[in-house]
Amino acid sequence: MRVAGLVARVRGASSAAGEKGARARRASLLRRGCHPLQRRRSARAWRIAIAFSPRASGLAAAALWQRSDAPIAASLPPRSPIPPRQASESAELELVLSDAESRRRAEHKTEDGKKEKYFLFYDGETVSGRVILTLKHPNKRLEHQGIKVEFIGQIELYYDRGNHHEFVSLVKDLARPGEFTQSQTFDFEFTHVEKPYESYTGQNVKLRYFLRATISRRLNDVVKEMDIVVHTLSTYPELNSSIKMEVGIEDCLHIEFEYNKSKYHLKDVIVGKIYFLLVRIKIKHMEIDIIKRETTGTGPNVYHENDTIAKYEIMDGAPVRGESIPIRLFLAGYELTPTMRDINKKFSVRYYLNLVLIDEEERRYFKQQEIVLWRKGDIVRKSMSHQAAIASQRFEGTSSQMESRTPNQSAENNGRQ
């Protein structure tokens, strides 16, 4: 009986101590603003988070299981430290051309089809300017591994964007490795830069020229680029023969078309005629198209992309034998580029005149003829301008001599003959 009574008293004391401890824990949780049920739910949610989150540390998990009455915030893993400021946030670069105020700008189509204006350059012109380095926090030092400026001409094929094919690459070092404590300006000049090709943005390829300034750093570089546009100028071709061809369908259609020349500048006018020698099919109308054909790649990986630049209806109705249809097509209103052939062995751009005849049954008969387009610029070489002046003087001299002749002189010449 004594043993049983002792055990009962011990059990009562332990249960009383347990209830007292539980009341103390509940009071502590209430003082901290957390209900015991909420604490249990939060503890369960944190156990699930520990199971799925790799960021939860084993130390926090152990503390949660050992001390179930501890606040949940105490067992959360510490926040990751804030990353240091990027170099681009501490410094800015700006490229300014030396003749930016007076240099002409030209519109150029971008990849998304929009037109923007860029500074215009020609082959052999000098590219000069300055690089402006601005520190956003002047009191802090900017360590670098060197500053350079580059002039780059490159070709980018859209199906192979990872590889840029550079055909012009010039580099000027502006500063040696060190550190800056204040903003600075660096001058640069690329003299008589060779720019062999014209800027071009097509459906599968892009040829661009740009300036790039770089601050080399250990982690990330500060880079600034500025695109420019290059136009290639040509002189009047010495041989520019007319195009004359006869095409047709045996015993059905026989036509002859003639264009005044085969090479046109971008603001030129295409003049021609079409003669119907035999017409035994009912033609509804006739049109002439300008087609641009872009060819990219080499060997088996060649892609052709045709784009109809213009459609010009030249006849409506059925012609008869012996009919002559005139053609006059102005090129100035269309977005054209010079003909480009095998540019750096990467792509070509050619233009064709496509003559299309449509009969009453909607059958189409067409004939394509390639033409060469070239850019006629305001800048002309001195030798060429001198030759042109001599030629014009000769022409004016002969015309004035012809006008100065009187009718009596011409009669005397006829009598002598």
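This is a short conversation about ring pairs, strands and a pocket in a predicted model.

Student: Why is the pair of Phe167 and Tyr209 called edge-to-face?

Tutor: The two ring centres lie 5.6 Å apart, and rings pair if their centres lie within 6.5 Å. The planes stand at 90 degrees, and an angle over 60 counts as edge-to-face. Both conditions are met, so the name fits. The pair also links distant parts of the chain, with Phe167 in strand S7 and Tyr209 in strand S11, 42 residues apart.

Student: And what makes the pair of Tyr159 and Tyr303 tilted?

Tutor: Here the centres are 5.1 Å apart and the planes make 50 degrees. Planes under 30 degrees apart would be stacked and those over 60 edge-to-face, so the rest, tilted, is what remains. Tyr159 lies in the loop between strands S6 and S7, and Tyr303 lies in strand S18, so this pair ties together parts that are 144 residues apart in sequence.

Student: Are Tyr159 and Tyr303 buried, exposed or partly exposed?

Tutor: Tyr159 has a relative accessible area of 42%, and Tyr303 has 41%. Buried means under 20% and exposed over 50%, so values in between are partly exposed. Phe167 and Tyr209, in turn, are both buried.

Student: Which rings join Phe167 and Tyr209 in a cluster?

Tutor: Ring pairs connect those two with Phe151, Phe188, Phe190 and Tyr197. The structure holds 9 aromatic pairs.

Student: How do you know that strands S11 and S12 pair?

Tutor: Two strands pair if there are at least two bridges between them, and S11 and S12 are joined by 7 bridges, running antiparallel. Tyr209 stands opposite Ile228 in S12. The two strands form a hairpin with 6 residues between them. S12 also pairs with strand S3, in the parallel sense, over 3 bridges; there, Leu120 has Val229 as its bridge partner in S12.

Student: What makes S13 and S19 edge strands?

Tutor: Each of them pairs on one side only. They belong to an open sheet of 4 strands in the order S13-S14-S16-S19, with antiparallel pairing. The twist averages 20 degrees from one strand to the next.

Student: How do the residues lining the largest pocket divide by type?

Tutor: There are 13 nonpolar, 6 polar and 12 charged residues. The pocket has a volume of about 860 Å³, and among the residues closest to its centre are Glu107, Glu335 and Arg375. Asp, Glu, Lys and Arg count as charged, so these three fall in that group. Strand S2 gives the largest share of the lining, 4 residues.

Note on methods
Residues numbered from 1 in each chain as written. Predicted model: local features only at pLDDT ≥ 70, side-chain atom pairs only at ≥ 80, totals over all residues. Heavy atoms only, no water. Axes fitted to C-alpha atoms, helices over the stretch in contact; angles between N-to-C directions. 1 Å grid on protein atoms, 1.4 Å probe; cavity = no way out; pocket = protein on both sides within 12 Å on 5 of 7 lines; lining within 4 Å. Points joined across faces, edges and corners; volume = space filled by probe spheres on them. Phe/Tyr/Trp six-rings, centres within 6.5 Å; stacked < 30°, edge-to-face > 60°. Buried < 20%, exposed > 50% of the residue type's maximum accessible area, 1.4 Å probe, protein only.
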